[in-house]
Each structure stands twice: as structure tokens, then as C-alpha cells.
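Me: I should like to understand how certain terms are applied to a protein model. Please explain each one from its definition.

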Amino acid sequence: MRSARYQGTRSFLVEELDATPPAAGEVQIEVAYAGICGTDLHIFHGQMDHRVSAPQSIGHEMSGRIAALGDGVQGFEIGQPVTVMPLAPCNACPACRAGNWHICQNLNFIGIDRYTLTDDFKITHIDTDWDMLYGAAQLVGLGALVHNER
């Protein structure tokens, strides 16, 4: 798989990496498109080195197709187009308890904090063809923007 990997401040390298098969309860997605968001820009500028170590693959606003299913995964089929809600709030900190999970003090990002998709990440089916996956990746970022402005 192709991966954009953070190499250090202001440096990325696109590399071919071997995909890790999903474990039980996990889903592997063949990414078709990934958006670049503010978090990715903070990483690029070295402002998240306390959380991101080099080399590290990044990208969490994405769309693609289910590539593999771990044991026990139900409700998905290989080849199915999907997009991801890439945030996993703790649901316990003061921000989460106030309903502001998007600013969770312990927020995990797929593509930054972890790389596998489990049931605490929201995977959404896309009822469309491959060409619409581009728009779906962009809508993930738009959805975050709209939510933050509410």
C-alpha cells in the first residue's frame, strides 16, 4: 500500500508498505482518497511531535473500500465502499461529559494514534460507485468543520 509518512518537521515521504492483516474484530480499508486537514498541517510543521514520531504514516480523513475483515466482523463485505469517522473520544473527560467529544482530552485519531479500525470507530457504508469516494473523503473534513461551528 502507498503511505504518506511523516519524516520530521516539514518532511513527508510516500512509500510502499506491506499492509497488516486485520485482527479479530478489525476492518482493513484500501484507501482510495485521503484529505489533508488542519491536524495533518500541524504534524507537517512539527507541532505534534509530542504525539507523532517519525517515520509515521498519517491520514485520517479517508474513503475507500473494505479490503479485509478480521474474524467476527459482521455487516461489511470485501469491496464495499466506505468512509470513516476517524475520532474515538474517551467519553469520560469533562469535554466528553459536556457533549463536546470533538475536543476530548484523550481523543484518539485513526491514522495518528492507531492504525486499525475497531468498533469504536464509525465506519459508514457509501451507497455509490468508486468515483464518489473522492467526495466522501472531502465530506469527512466538512462534517468536522460543521460540527465544530455548531
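Me: Why is the pair Arg5 and Glu15 called a salt bridge?

Reply: A salt bridge is a side-chain nitrogen of Lys or Arg within 4 Å of a carboxyl oxygen of Asp or Glu. The side chains of Arg5 and Glu15 meet at 3.1 Å, N to O, so the pair satisfies this definition. Arg5 lies in strand E1 (residues 2-8) and Glu15 in strand E2 (residues 11-16), 10 residues apart; strands here are DSSP runs of at least two residues, numbered from the N terminus. The model is predicted: local features need pLDDT of at least 70 and side-chain atom pairs pLDDT 80 or more, while totals for chains, interfaces and linings use all residues. Residues are numbered from 1 along each chain as its sequence is written, and side-chain values use heavy atoms, without hydrogens and water.

Me: Why is Arg5 called buried?

Reply: Buried means under 20% relative accessible area, exposed over 50%, and partly exposed in between (1.4 Å probe, protein chains only). Arg5 has 16%, and is therefore buried.

Me: What makes Glu15 partly exposed?

Reply: Its relative accessible area is 25%, so Glu15 falls in the partly exposed class.

Me: What makes up the largest nonpolar core?

Reply: A nonpolar core is a set of buried Ala, Val, Leu, Ile, Met, Phe, Trp, Tyr and Cys residues joined through side-chain atoms within 4.5 Å. The largest has 10 residues, including Val27, Met62, Phe76 and Val82. Strands E3 (27-35), E5 and E6 each give two or more residues to this core. Another core, of 7 residues, lies apart from it, with Leu87 and Cys104 among them.

Definitions and conventions
Helices (H or I, at least four residues) and strands (E, at least two) are DSSP runs, numbered from the N terminus.
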